[in-house]
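This report describes the surroundings of the ligand, the division of the chain into domains, and one helix with the residue after it.

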Amino acid sequence: MKLGIVGLPNVGKSTLFNAITQAGAESANYPFCTIEPNVGVVSVPDERLLKLQQIYNSEKIVPTAIEFCDIAGLVRGASKGEGLGNKFLSHIREVEAIVHVVRCFDDPNVVHVDGSVDPIRDIETINIELILSDIEVLERRIQKTQKAAKADKSLASELEILEKIKETLEGNKPVRSMNFSDDDQAFVKQLNLLTYKPVIYVANVCEDDLVDNGDSNEYVKRVREYASNENSQVVVICAQIESEIAELGDDEKAEFLKDLGLTESGLDKLIKAGYSLLGLISFLTAGPKEVRAWTIKNGTKAPQAGGKIHSDIERGFIRAETIAYEDLISVGTMSAAKEKGLVRLEGKDYIVKDGDVILFRFNV
Ligand code: GDP
């Protein structure tokens, strides 16, 4: 899973991205992740792993991870090829969700590209570029479909959706603000439009605004209002503080956050928000060697979940010995859980739930 960080110049993207790479997960554990200079891999915080480690006396913990991709350089005019315009837009096409950083801090020492701090204008500057790019894609698609529809009447409904989307975009609204039926959703998804991607707005505030989560910051209020109109989320962070936190060890980090009156870092909030935004959940595996979290889409069945660990498990799937994390914690040991009948034998149609602790049985 990859999230792309976008935003105007000088809003704090690099500061945030540096915090991400500093906090970086041990890459040896994540061979599937692309390691490029503009990609940072971070662990998804999961308190459950520590408790499981105690129960199983495991040697190590392996959290699951997500990737952030720094898409710097998006400026006004990008869709017309200004700057390296189209190149950046194509990077956005490859990510599953967008993290849009907006400046919500005043600081006379940090120049704003448009001369003043105005988060809504900033958001719209970027969004307009994405909208223009989507319109271009749609126009081509509509032309093609119109031709094909002459011979194939069944394409009329597709054409109708395409036209409706184009209208919305021409009204300066992103596609994600539209509602589609389940069937239409699948069709729209494969168009891979930039403004259909889910967005998290990151309000970058000054240190003092962290304690009430930005509630007393007027800029943040405006961003929240804007985001709620298009069904998007807002995470409040202070990029500068994040880059300081990223340099600390776990204990120091906890102490530092406590001093700020916080319980979790902005980066952790962002990671969690991204995770749930994409409809992702974690199932867990545990044993003396390691406890580990694995990422799946909500709705994944047991064999396919096992396939995340190894393709042999999916191919030779017999059943999944499953216990809910809470059930295991409530009785304390696996043997007690078995005695109480809390461990279920689930078959190939079982839909895995967040926090399921699973032992897969399979034929090799
Ligand atoms: P980018 O162009 O969006 O990548 O922005 P940078 O991360 O390079 O930040 C631009 C400038 O803003 C740098 O001088 C940062 O030190 C400063 N900056 C970033 N985050 C904050 C913040 O939370 N508060 C303040 N006061 N300055 C910040």
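Helix α1 gives the largest share of the shell around the ligand, namely three residues. Helices here are DSSP runs (H or I, at least four residues), and they are numbered from the N terminus. The model is a predicted one, in which local features need pLDDT of at least 70 and side-chain atom pairs count only at pLDDT 80 or more, while totals for chains, interfaces and linings use all residues. Residues are numbered from 1 along each chain as its sequence is written.

In total, 17 residues surround the ligand, and the closest are Gly12, Lys13, Ser14, Thr15 and Ala239. A residue is near the ligand if its C-beta atom, placed from the backbone, lies within 6 Å of it. Two or more residues of the shell come from each of α1 (13–23) and α8 (239–245).

The chain is divided into three parts, with bounds from an automatic or database domain assignment.

| Domain | Residues |
|---|---|
| domain 1 | residues 2–45 + 64–117 + 195–277 |
| domain 2 | residues 137–194 |
| domain 3 | residues 299–362 |

Between domain 1 and domain 2, 10 residues of the former are in contact with eight of the latter, contact being C-beta atoms, placed from the backbone, within 7 Å. On the domain 1 side, helix α3 (residues 85–93) supplies the largest share, three residues.

Helix α9 (residues 250–259) is hardly covered, as zero of its 10 residues are buried. Buried describes a residue with 20 or more other C-beta atoms within 10 Å of its own, the C-beta atoms being placed from the backbone. After α9 comes Gly261, which has a positive phi near 80 degrees.

Note on methods: Two residues are in contact if their C-beta atoms, placed from the backbone, lie within 7 Å. A residue is buried if 20 or more other C-beta atoms lie within 10 Å of its own, exposed if 12 or fewer, and partly exposed in between; C-beta atoms are placed from the backbone.
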